[in-house]
Amino acid sequence: MKIKMILPALTEAKSPYWRPIKYSLFPPLGLATLAAYCSPDDEIDLQDEHVEELQINDTPDLVIIQVYITNAFRAYKLADHYRQRGAYVCLGGLHVSSLPDEAIPHADSIFIGPGEDTFPEFLKDFNNRTPRKVYVNSKRNITDIPPIRRDLIKRNHYLVPNSIVVSRGCPHHCDFCYKDAFFEGGKSFYTQRVDAALTEIDRLPGKHLYFLDDHLLGNQKFSSALFEGMKGMNRVFQGASTIDAILRGNLIEQAAEAGLRSVFIGFETLSNANLAQSNKKQNLGKDYREAINRCHSLGIMINGSFVFGLDDDDKDVFDRTVDWAVENALTTCTFHILTPYPGTRLYQSMEQQGRLLHHNWDLYDTRQVVYKTVGLNAAELKAGYDYAYKSFYSWKNICRASMNHDTLKHQLKHFAYAGGWKKFEPLWNFIIKTKGLNNMLPLLETILSKVKSNNNNKSVSPFPAIA
Ligand code: B12
Ligand code: SF4
């Protein structure tokens with residue numbers, strides 16, 4: 001059977017905001033995970049529209065499309081196109097799970113929640129010519145899943161082709177996060193077996209890994225065993241964690257020893273009122289600075305994530321946040337405008353209060369104001385958000401933040417990472433266009449293994465974190 005799997009491009013991939021390097025950083029793994037359930041005889045074509053031009057004049061038997069919020073309209077168009085051509089079309093992913101009624105007119109079957117049980121069930125039904133219209137995930141278990149079909153991933157399109165995911169979900173319940181909606185009705189945080197995760201790591205060539213897990217340090221027992229197992233593997237990696245997990249026990253030290261060189265942390269806001277309003281309990285009362293210093297002393301650089309537009313924010317929040325990030329020597333920052341995703345508690349409460357301005361999902365990309373603000377108006381919020389990026393990544397602030405590290409080596413590294421990530425866009429674009437992206441990896445891996453800090457003899461990564 002001919003199967004086409006498509007990750008449609010987010011709307012922004014066609015907009016002036018689009019940064020090719022951001023979408024060419026590492027391969028997303030949803031579709032390649034599902035492909036593992038297909039028969040070895042199936043002819044599968046997996047396309048990620050962010051890194052390649054879609055070929056849509058083909059005639060597959062089955063089309064599988066992954067839908068995020070900002071690619072939803074594009075996904076529906078593609079689905080309609082393939083149904084007109086006689087293909088059987090399946091839609092699934094975060095947005096379909098949040099708004100199944102919106103997706104259903106565009107699909108032959110839709111899938112709610114993770115696909116590890118429903119997709120193989122569907123394939124069986126499809127082969128028996130009895131597929132259902134709606135499949136709802138009920139089993140939350142990834143201890144025994146087949147290996148991801150990495151052969152379908154076009155590795156040379158990505159800077160860091162070794163993306164990996166060893167868990168699903170997260171133990172926390174922030175109001176603005178997609179997580180509780182997607183995992184509704186069952187476990188919302190579960191991991192692979194440690195030995196399976198280590199085997200998967202072993203399959204990956206080279207040194208560098210990018211963990212896509214929402215919270216790599218979320219299950220202490222699992223993460224500790226994983227890092228212990230990774231110790232001798234000569235890997236360097238990046239991943240995400242929360243503040244409280246960094247402060248708890250010695251997991252972060254174990255992670256650093258296993259090769260963690262950069263961590264994405266959701267600081268979100270410096271206001272306790274905002275944290276409480278967002279149910280971000282794991283950050284409340286935590287010493288952000290202590291967590292930052294701990295990471296820096298281990299040679300782990302930090303990509304801080306911040307949300308603007310929560311109700312306690314005022315006009316000064318942008319300067320306050322940028323100054324704080326610079327003062328604390330965060331290497332990169334990701335700023336977001338608060339965005340209520342359908343299915344989240346934030347969305348429900350905004351809807352009840354009549355605060356949603358529209359349902360144009362194309363604009364729900366965390367770069368636009370899509371709700372009625374409190375404390376500062378929409379124009380101030382948008383302008384402040386743009387200003388925060390500009391200010392944080394100004395040469396002046398890159399220099400200031402670099403200088404806030406203790407050693408000259410750290411200072412130089414910070415300067416190079418932050419500058420390289422945001423200041424050399426045309427060079428990245430040139431490398432992508434000339435298909436040289438993958439050639440950068442061995443060079444970067446070499447630098448990774450050689451660079452040592454005076455302080456603690458740990459190597460630090462030259463990779464930019466996502467920002
Ligand atoms: C990789 C990634 C990216 C990459 C995308 C690269 C690319 N080429 O597109 C980058 C870094 C560019 C990125 C950008 C953004 N991202 Co992102 N990203 C991820 C991440 C970390 C991993 C995705 C992944 O591979 N997961 C692992 C696989 C196994 O899970 P999965 O994709 O969900 O697939 C499973 C199911 O969904 C289901 N499924 C999916 N499709 C289908 C289809 C069918 C038919 C079936 C049966 C099942 C099914 O089955 C799969 C197996 O269970 C997720 C977090 C996460 N842990 O998922 C965030 C995530 C998807 N991103 C998110 C966000 C918010 C963004 C940004 C908006 C952030 C920003 N402001 O920059 C931007 C998007 C910009 C925009 N315009 O929308 C949110 C999405 C929230 C939402 N409701 O849509 C997530 C969930 C992070 C979070 N915790 O909030 N992202
Ligand atoms: S900690 Fe992150 S992934 Fe977990 S619920 Fe909160 S925002 Fe979502």
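User: How many residues of domain 1 are in contact with residues of domain 2, and what makes two residues count as being in contact?

Analyst: In total, 21 residues of domain 1 are in contact with 25 residues of domain 2; two residues are in contact if their C-beta atoms, placed from the backbone, lie within 7 Å. This is a predicted model, in which local features need pLDDT of at least 70 and side-chain atom pairs count only at pLDDT 80 or more, while totals for chains, interfaces and linings use all residues. Residues are numbered from 1 along each chain as its sequence is written, and chains are lettered from A and ligands numbered from 1 in the order in which they are written.

User: Where do domain 1 and domain 2 begin and end?

Analyst: Domain 1 covers residues 2-136 and domain 2 covers 159-450, with bounds that come from an automatic or database domain assignment. Their centres, taken over C-alpha atoms, are separated by 26 Å.

User: Which helices supply at least two residues each of the side of domain 1 that touches domain 2?

Analyst: They are α1 (20-23), α3 (72-84) and α4 (94-98); helices are DSSP runs of H or I with at least four residues, strands are runs of E with at least two, and both are numbered from the N terminus. The largest share, three residues, comes from α4. By class, this side of domain 1 has 13 nonpolar, six polar and two charged residues. Here Ala, Val, Leu, Ile, Met, Phe, Trp, Tyr, Cys and Pro count as nonpolar, Asp, Glu, Lys and Arg as charged, and the others, Gly among them, as polar.

User: Why does ligand 1 count as lying between domain 1 and domain 2?

Analyst: Both domains give residues to the shell around ligand 1, so the ligand lies between them. Of the 39 residues around ligand 1, Gly30, Thr70, Gly92, Gly93 and Gly115 come nearest; a residue is near a molecule or strand if its C-beta atom, placed from the backbone, lies within 6 Å of it. The shell around ligand 1 has 21 nonpolar, 11 polar and seven charged residues.

User: Which residues are around ligand 2?

Analyst: Among them are Cys170, His172, His173, Cys174 and Cys177. The shell around ligand 2 divides into three nonpolar, five polar and two charged residues.

User: Why does Phe111 count as buried?

Analyst: A residue is buried if 20 or more other C-beta atoms, placed from the backbone, lie within 10 Å of its own, exposed if 12 or fewer do, and partly exposed in between. Phe111 has 27 C-beta neighbours inside 10 Å, and therefore counts as buried. Phe111 lies in strand β5 (residues 109-112). Leaving aside neighbours within four places in sequence, its contacts include Cys90, Gly92 and Tyr135. In the protein, buried residues make up 47% of the 467 residues.

User: What makes β7 and β14 edge strands?

Analyst: Two strands pair if DSSP finds at least two bridges between them. The open sheet of six strands has the order β7-β10-β11-β12-β13-β14, with parallel pairing. Strands β7 (163-164) and β14 (332-337) each pair on one side only, as edge strands. Six bridges join β13 (residues 301-308) to β14.

User: How compact is the protein, and what is its radius of gyration?

Analyst: The globule rule is 2.2 Å times the number of residues to the power 0.38, and the radius of gyration is taken over C-alpha atoms. The rule gives 23 Å for 467 residues and the protein has 22 Å, so it is as compact as a globular protein of that length.
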